[in-house]
Amino acid sequence: CGIRVPDWRNSLAAWCQTPLLPVFTCPTCGTTQRPLDLAWRQGAGWGSFFVCVEDIFPGEAVPVPSLLRTLERASGVAWRYFFHRA
């Protein structure tokens, strides 16, 4: 339904225990989803492998489509990106 979930951090520990199971239930519509399938909108992410670019502001470095395609060909899975501020 697209609702913003401001207290997602409270559920993070449980999600890390079972990331492939549907452990998030939307408080508005009741839909159950896996944390991996939530629309993080580049503000957070979930993954096994990362390419980290440092010393830039979040949002300044957006990967070009050819990089994402190259990573997909090399790994066999689709890549997405998000921004993280340490």
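This is a short walk through one predicted protein model, from its overall layout to a few individual residues.

Let me begin with confidence, since the coordinates come from a predictor. The protein averages a pLDDT of 79, and 86% of the residues score at least 70. Among the elements, helix H1, which covers residues 12-17, has the lowest mean pLDDT, at 77, whereas H2 has the highest, at 93. As a general caution, where pLDDT is low, the predicted coordinates should not be read in detail.

Turning to the architecture, the protein holds two helices and two strands, and from the N terminus on these elements run in the order α-β-β-α. Strand S1 spans 24-25, strand S2 spans 32-33 and helix H2 spans 65-75. Of the 86 residues in the protein, buried ones make up 10%. The exposed surface comes to about 7,000 Å², and carbon and sulfur atoms supply 56% of that area. As for how the chain meets itself, if we take the contacts with a separation of 6 or more, residues 24 or more positions apart account for 42% of them.

Now to the cysteines, where I would like to go slowly. How many disulfides does the structure hold? The count is zero. A disulfide, in general, is a covalent bond between the sulfur atoms of two cysteines. For Cys29, the closest cysteine sulfur is the one in Cys26, and the separation of 3.7 Å is too far for a bond, because a pair of cysteine sulfur atoms has to lie within 2.5 Å to be counted as a disulfide. Are these two cysteines buried or exposed? Cys26 counts as buried, at 8% relative accessibility, while Cys29 is partly exposed, with a relative accessible area of 40%.

Pro27 sits in the loop between strand S1 and S2, and at 67% relative accessibility this proline counts as exposed. Its C-alpha lies 8.6 Å from that of Val5, although Pro27 and Val5 are 22 residues apart in sequence.

The next residue I want to show is Leu20, which lies in the loop between H1 and S1. Leu20 is exposed, with a relative accessible area of 60%. Which residues does Leu20 touch, not counting those up to four places away in sequence? They are Arg34 and Leu36. With Leu36, the C-alpha to C-alpha distance is 7.2 Å across 16 residues of sequence. Asp37, which has its place in the loop between S2 and H2, is 17 residues from Leu20 in sequence and 9.4 Å from it in space, again C-alpha to C-alpha. The relative accessible area of Asp37 is 46%, so this residue is classed as partly exposed.

That brings us further along the loop between S2 and H2, where Val53, Glu54 and Asp55 are found. What kind of surface patch do Val51, Val53 and Ile56 form? The patch is nonpolar, and together the three residues present about 270 Å² of accessible area. Val53, taken by itself, is exposed, with a relative accessible area of 55%.

Glu54 is exposed as well, with a relative accessible area of 59%. In space, Glu54 and His84 are 10.0 Å apart, C-alpha to C-alpha, while in sequence they are 30 residues apart. Asp55 is also exposed, with a relative accessible area of 81%. The backbone of Asp55 deserves a look on the display, since its phi is near 65 degrees, a positive value in a residue other than glycine.

To gather the points I would keep in mind, the model is a predicted one, with elements in the order α-β-β-α and with zero disulfides. The cysteine pair to look at is Cys26 and Cys29, whose sulfurs are 3.7 Å apart. In the loop between S2 and H2, I would look at Asp55 with its positive phi, and at Val53, which belongs to the nonpolar patch with Val51 and Ile56.

Key:
Residues numbered from 1 in each chain as written. Predicted model: local features only at pLDDT ≥ 70, side-chain atom pairs only at ≥ 80, totals over all residues. Heavy atoms only, no water. Helix = DSSP H or I, 4+ residues; strand = E, 2+ residues; numbered from the N terminus. Buried < 20%, exposed > 50% of the residue type's maximum accessible area, 1.4 Å probe, protein only. Contact = heavy atoms within 4.5 Å. Areas by Shrake-Rupley, 256 points an atom, 1.4 Å probe, with all protein chains shown as cover. Patch = residues over 30% accessible without salt bridge, like charges linked within 9 Å, V, L, I, M, F, W, Y side chains within 5 Å. Salt bridge = Lys/Arg side-chain N within 4 Å of Asp/Glu carboxyl O. pLDDT = per-residue confidence, 0-100.
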